[in-house]
Amino acid sequence: GWAQALAAGSAGLELAVWQQGRTQLLLGGPGDISTLTTPLGSIWKLYVHAWLVDTAAADAPYRCRGGVREEVYCCEVGEEIHRDQALVRSCGLYYEARRAEIDRADWSSYWRARHAPDWLVALDELQPGTQVPVDTLLATLADLPAQVELRRVLLDVSVTARDPAVIGHLGGVLRAKTWSW
């Protein structure tokens, strides 16, 4: 499955997957999957990227000017980064709603029409520290628009790895998005 979640919590390491239209807990203690939550982490950028692609928004590059600590994930001073590379490098500055000129009403209408959960409909809730239910996170990832485009872009992460030796180790290894931000 495309949607997988790996979370470390007070109960230890937990792994959940979206299969056959529902969330299944593969690793972790017994319990109700509906109570399992995780911080959104860097996943929020996937939702913004998908929205930008699906709405055919212009790719307005982010220019690194220096002085902003988070630019280390984006580009060198004087350079600019475009949408796909911003996702690959996890450049949150590119995806900030104000900079990307995302209209809150348009965002809400778009996700409400897709029957998205409240934390996704409310643009202000799309923050790394926002705790979200794992089952709704996986369900929205499984139904994310522009999945073909996202897969193409994220494949670049392993293909252009800084350490060439890492590519040989990836083979059939589980691909997972981390919760760091």
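Contact here means heavy atoms within 4.5 Å. In this predicted model, Val153 touches His49, Asp84, Leu87 and Val88 by that criterion, when residues up to four places away in sequence are not counted. Val153 has its place in helix H7, and because its relative accessibility is 2%, the residue counts as buried. The C-alpha atoms of Val153 and Ala86 are separated by 9.9 Å, although the two residues stand 67 residues apart along the chain.

**Confidence**

The protein chain has a mean pLDDT of 81, with 73% of its residues at 70 or more. Among the elements of the chain, H4 has the highest mean pLDDT, at 97, whereas helix H8, residues 164-170, has the lowest, at 48. The pLDDT is below 50 over residues 166-181, a stretch that nevertheless has 29 contacts in the model beyond near neighbours in sequence. Where pLDDT is low, the predicted coordinates should not be read in detail.

**Aromatic pairs**

A pair of aromatic rings is described by the distance of the centres and the angle of the planes. With a limit of 6.5 Å between ring centres, the count comes to seven aromatic pairs. Two of these pairs are set out below, both given as edge-to-face.

| Ring pair | Centre distance | Plane angle | Helices |
|---|---|---|---|
| Tyr47 and Trp111 | 6.0 Å | 80 degrees | H1 and H4 |
| Trp51 and Tyr110 | 6.4 Å | 85 degrees | H1 and H4 |

Since Tyr47 lies in helix H1 (residues 44-54) and Trp111 in helix H4 (residues 104-113), their pair ties together parts that are 64 residues apart in sequence. Both Tyr47 and Trp111 are buried. The pair of Trp51, in H1, and Tyr110, in H4, likewise ties together parts of the chain, here 59 residues apart in sequence, and Trp51 and Tyr110 are both buried. Ring pairs link these four residues with Trp107 and Trp119 into a cluster. An arginine is also placed against an aromatic ring, in that Arg99 lies over the face of Tyr94 at 4.4 Å from the ring centre.

**Nonpolar cores**

The largest nonpolar core has 39 residues, of which Leu40, Tyr47, Trp107, Trp111 and Leu126 touch the most other members. Two or more residues of this core come from each of H1, helix H2 (83-89), helix H3 (92-95), H4, helix H5 (118-121), helix H6 (134-142) and helix H7 (147-159), and H1 gives the most, with seven residues. Once neighbours within four places in sequence are left aside, Tyr47 is in contact with Leu40, Trp107, Trp111, Trp119, Leu120, Leu126, Leu137, Thr140, Leu141 and Leu144. Another core, of five residues, lies apart from the largest one and has Ala16, Ile33, Leu36 and Val134 among its members. In soluble globular proteins, nonpolar side chains tend to be buried together.

**The two sides of H4**

Which residues of H4 are buried? They are Trp107, Ser108, Tyr110 and Trp111. These residues cover an arc of only 165 degrees around the axis, which puts them on the same side of H4. Arg112 and Ala113, on the other side of H4, are exposed. The buried residues of H4 pack against H1 and H5, and the ring pairs of Trp111 with Tyr47 and of Tyr110 with Trp51 belong to this picture.

Technical notes. Residues are numbered from 1 along each chain as its sequence is written. Side-chain values use heavy atoms; hydrogens and water are left out. Rings of Phe, Tyr and Trp (its six-membered ring) pair if their centres lie within 6.5 Å; planes under 30 degrees apart count as stacked, over 60 as edge-to-face and the rest as tilted. Helices (H or I, at least four residues) and strands (E, at least two) are DSSP runs, numbered from the N terminus. Buried means under 20% relative accessible area, exposed over 50%, partly exposed in between (1.4 Å probe, protein chains only). A charge sits over a ring if NZ of Lys or CZ of Arg is within 6 Å of the ring centre and within 35 degrees of the ring normal. pLDDT is the predictor's confidence in each residue, from 0 to 100. A nonpolar core is a set of buried Ala, Val, Leu, Ile, Met, Phe, Trp, Tyr and Cys residues joined through side-chain atoms within 4.5 Å. The arc is that of the directions from the helix axis to the C-beta atoms.
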